[in-house]
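Reader: I am new to this structure and would like a close look at one part of it, beginning with a loop where the backbone does something unusual. Please go slowly, and carry on from there to whatever is connected with it.

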Amino acid sequence: MPYTTNDIRNIETRWQKFWEAHRTFHVEADPSAPKYYVLEMFPYPSGKIHMGHVRNYTIADVIARYKMMRGFNVLHPIGYDAFGQPAENAAIKNKTNPADWTYRCITQMHDELKKMGFSYDWDRELSTCDAEYYKWNQWIFIKMFERGLAYKKASSVNWCPDCETTLANEEVINGLCWRCKTAVVQKDLEQWYLKITQYAPSLLEDLKKLEQWPSRVRAMQENWIGKSYGVEIHFKVKDSTETINVFTTRPDTIFGATYVVLAPEHPLVKKMTAGTAQEKETLEFIEKTANKSKSLRMSGDQRKEGIFIGRHAINPVNNEAIPIFVGDYVLMEYGTGAIMAVPTHDQRDFEFAQQYKLPMRIVIQDPKNPSVSVENMNEAYIDEGVLINSGEFDKTPNEEAKKKIAEWMQLKRFGKISIHWRLRDWLISRQRYWGTPIPMIYCAACGVVPVPYHQLPVELPKDVQITGEGGSPLARVRTFVECACPKCGKPARRETDTMATFFDSSWYFLRFCSAHNAQEIFDKSEAQYWMPVDQYIGGIEHAILHLLYARFFTKFLKDLGLVACDEPFTRLLTQGMVLKDGEVMSKSRGNTVDPDEVLSQYGADTLRLFILFAAPPEDQLEWNSDGLEGAWRFLNRVYQMVEKRHSKSQTLKGFHSDDADATLERERNNAVKRVTQSFEEGYKFNTAISHLMVLANAIDKYKIDSANLGKQHLLNQAIETLVLLSAPFAPHVAEEMWQMMGKTEATVARVAWPDFDEKALKTSTIVIAVQVNGRVRAQIQITPDCSPEELRKICLSDPGVAKYAQEAAIKKFIVVPNKLVSIVV
């Protein structure tokens with residue numbers, strides 16, 4: 001019977017029902033068995049899955065199924081990162097409640113994931129918008145508050161005056177609110193932060209442990225954490241008691257500092273200009289800069305803007321009075337919010353100095369152009385050289401001068417040697433409804449008080465009007481806001497901010513260890529068994545924030561004594577994007593392919609096989625309908641192979657093998673070895689599938705006499721091996737074929753992975769090419785253990801070689817073992 005669309009629908013439906021009825025992929029901690037925890041970054045429930053989802057989850061599923069067949073106790077869970085702004089926006093647009101919208105999308109996504117036949121332990125399915133989950137978000141927050149890691153401070157946010165709400169950076173488009181097109185301003189609000197900076201040293205140091213993470217991701221995190229060694233230099237403000245502290249990693253250039261630039265947000269700016277002629281212009285500049293995004297201000301392509309504030313600072317190394325500017329390219333979030341400008345040796349400073357006609361001084365001599373002057377410089381000199389115009393440090397190589405000048409300034413008390421971190425504390429407050437309520441209470445008598453643990457969770461009220469305007473919707477729900485102080489019992493009010501959704505995803509992998517535990521955040525013994533995640537899979541776009549926050553939470557929970565591991569994810573795979581017509585699939589581009597349409601025509605196994613064969617997991621995948629057809633034909637071919645060539649009649653009694661038998665056995669064992677290596681040495685699934693095709697070709701070539709039961713045995717063994725090796729890639733049809741062959745196991749998912757015999761891989765003879773002066777002149781057959789002397793003799797006795805190479809004329813005789821002989825005459 002041919003493998004048709006109707007066949008695949010029936011097969012996939014039957015086996016999905018079987019797996020569900022028999023809870024095939026349900027798993028419990030078993031200390032007697034080796035564990036393997038494979039996890040893909042859980043999805044935001046947008047409803048329909050897209051090809052990016054399919055690729056990510058298929059990669060994880062193949063790994064999970066392979067590990068099951070290798071005898072591991074495999075945990076492979078799924079859940080939904082269900083809070084967030086998209087649901088709130090959808091609710092506003094569709095005049096519905098975010099919860100109703102989200103749960104409908106979760107149901108739809110659940111059903112679509114089921115159609116793909118993924119090997120999830122569905123008993124552990126969770127949603128972060130469930131109170132049973134976000135109760136523990138609140139528990140973690142209070143634990144952090146108790147340890148001084150959660151705190152509140154004023155900070156600047158994007159604010160739409162018309163909508164009266166904060167906006168994320170991505171919601172500010174060309175300086176305007178994405179919703180109403182009103183000009184966005186910066187506004188100071190009291191907001192909640194998590195002190196991730198306290199963990200900066202261990203977050204940086206422990207990157208060394210993540211040897212199985214992509215080096216690119218580790219480098220991105222290292223740069224984000226940003227540990228810098230340098231000097232914090234004290235610039236006293238002339239005619240003032242104020243001091244501007246500047247951190248620099250380039251103390252070797254201090255003698256070339258000709259002005260200082262402060263961030264518009266720096267607290268000294270308003271203080272130093274208050275009541276002066278520059279006050280009005282400075283305040284206008286601050287307001288103007290507040291309307292620019294931070295990324296735009298930091299962009300190297302943007303024209304730098306600034307103003308002189310009428311004050312001077314004293315360069316401590318030469319007592320020179322240098323002007324103080326406020327500039328848009330300096331951010332309060334980096335360093336101290338102030339820089340010393342050395343325009344001859346920093347390109348941004350060079351452009352700024354030229355624009356405002358500020359003085360410049362060369363302090364590092366270009367060895368290739370020692371006579372260059374400021375007047376004929378076209379750009380800053382940023383390479384190495386010796387110091388000039390630097391007092392007693394003249395003629396010192398600048399790299400050597402960094403240490404010497406730093407120590408000298410510390411001795412003179414001009415500054416202090418210090419370490420600075422680029423990492424800043426994590427702002428988690430959101431003035432939105434659809435998120436975890438921050439479990440804090442404000443009491444006029446007692447101050448800020450956490451909600452008692454026994455009162456958790458603080459649940460989101462369901463009857464809320466959401467318009468997207470007027471700040472937090474929770475602030476307008478009197479029954480939510482008004483409460484009694486847990487300490488004194490007097491009237492108090494609840495916090496109306498909700499948590500950033502990154503909070504939810506920073507520990508979900510731990511909750512999966514005991515997903516529905518009502519008594520505690522998770523069972524410690526279960527977490528001890530399952531953690532860390534052995535294989536984590538997700539997009540490179542999460543290389544910094546999500547992965548960094550997950551590492552931070554794991555370290556905090558270890559400090560609480562809840563987990564034993566330092567890091568949450570042992571191995572990380574960042575899968576490539578799915579492209580069509582050379583561009584990432586996107587609704588806006590109109591180049592998407594609906595997985596449902598592919599499933600209805602080809603089935604899940606064909607889609608899985610195509611996705612895995614088309615490109616290595618880390619690479620971009622170009623959608624190709626011809627490739628889909630090729631995957632369909634291959635599965636059809638294997639199915640018919642089982643149907644037509646496999647037989648229960650077999651015996652080895654009195655059987656004498658020949659070369660054809662040895663060839664089939666060699667190909668069978670080679671396929672097992674190569675497919676296994678493709679899993680164990682970097683998930684080269686496309687290579688693995690190509691080895692399945694090679695084995696299928698060998699089976700097709702193997703001809704038997706219907707009366708030769710010994711040969712039928714070898715053929716059966718080869719076909720059964722092909723089916724087993726195919727099982728992780730095409731699980732539905734593999735299940736079907738396993739049963740068609742009369743196997744007694746209930747499911748192929750739990751059948752042991754086949755072994756291979758190295759002896760069977762050896763051949764009695766091999767064919768190698770012989771070149772003379774780079775051109776192939778013969779193909780010779782030799783034994784694998786042929787000696788160099790014998791090989792030389794065979795080569796030179798071949799007529800095709802002898803015609804061009806005589807013994808006396810040979811200059812070189814090069815042997816590439818078992819592959820090639822190259823003779824140079």
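Author: Lys 395 is found in the loop between strand E17 (386-387) and helix H12 (398-412), where helices (H or I, at least four residues) and strands (E, at least two) are DSSP runs numbered from the N terminus. The model is a predicted one, in which local features need pLDDT of at least 70 and side-chain atom pairs count only at pLDDT 80 or more, while totals for chains, interfaces and linings use all residues. Residues are numbered from 1 along each chain as its sequence is written, and side-chain values use heavy atoms, with hydrogens and water left out.

Most residues other than glycine have a negative phi, and most peptide bonds are trans. Lys 395, although it is not a glycine, has a positive phi of about 70°, and with a relative accessible area of 73% it is exposed (over 50%, whereas buried means under 20% and partly exposed lies in between, for a 1.4 Å probe and protein chains only). Following H12, the loop between H12 and strand E18 (415-421) holds Arg 413, another residue that is not a glycine and yet has a positive phi, of about 65°. Arg 413 is likewise exposed, its relative accessible area being 74%.

Strand E18 leads on to the second largest pocket, since E18 is among the elements that give two or more residues to its lining, together with strand E11 (243-248), strand E15 (338-341) and helix H11 (347-356). A pocket here is an open set of points on a 1 Å grid over the protein atoms alone where a 1.4 Å probe fits, with protein on both sides within 12 Å along at least five of seven lines, and lining residues have an atom within 4 Å of a point. The second largest pocket has a volume of about 750 Å³, a volume being the space filled by probe spheres set on the points, which are joined across faces, edges and corners. Its lining consists of 27 residues, and those nearest the centre are Phe 247, Thr 248, Thr 249, Ile 339 and Arg 348. By kind, the lining divides into twelve nonpolar, nine polar and six charged residues.

Further along the chain, strand E21 (residues 440-443) runs antiparallel to E22 and is joined to it by four bridges, where two strands pair if DSSP finds at least two bridges between them. The two strands form a hairpin with three residues between them, and in this pairing Tyr 442 stands opposite Val 448 in E22. The loop from strand E22 (447-450) to helix H13 (478-481) contains Pro 457, and the peptide bond from Leu 456 to Pro 457 is cis, with omega near 5°. Another cis bond joins Met 531 to Pro 532, with omega near 0°, and Pro 532 lies in the loop between helix H15 (524-530) and strand E26 (533-538).

Contacts between side chains also link separate parts, as with the salt bridge (a side-chain nitrogen of Lys or Arg within 4 Å of a carboxyl oxygen of Asp or Glu) between Lys 115 and Asp 596, whose closest N and O atoms are 3.6 Å apart. This pair links distant parts of the chain, with Lys 115 in helix H4 (residues 98-115) and Asp 596 in helix H17 (residues 595-602), 481 residues apart. Lys 115 is partly exposed at 40%, and Asp 596 is partly exposed at 21%.

Note on methods
Nonpolar A, V, L, I, M, F, W, Y, C, P; charged D, E, K, R; others polar.
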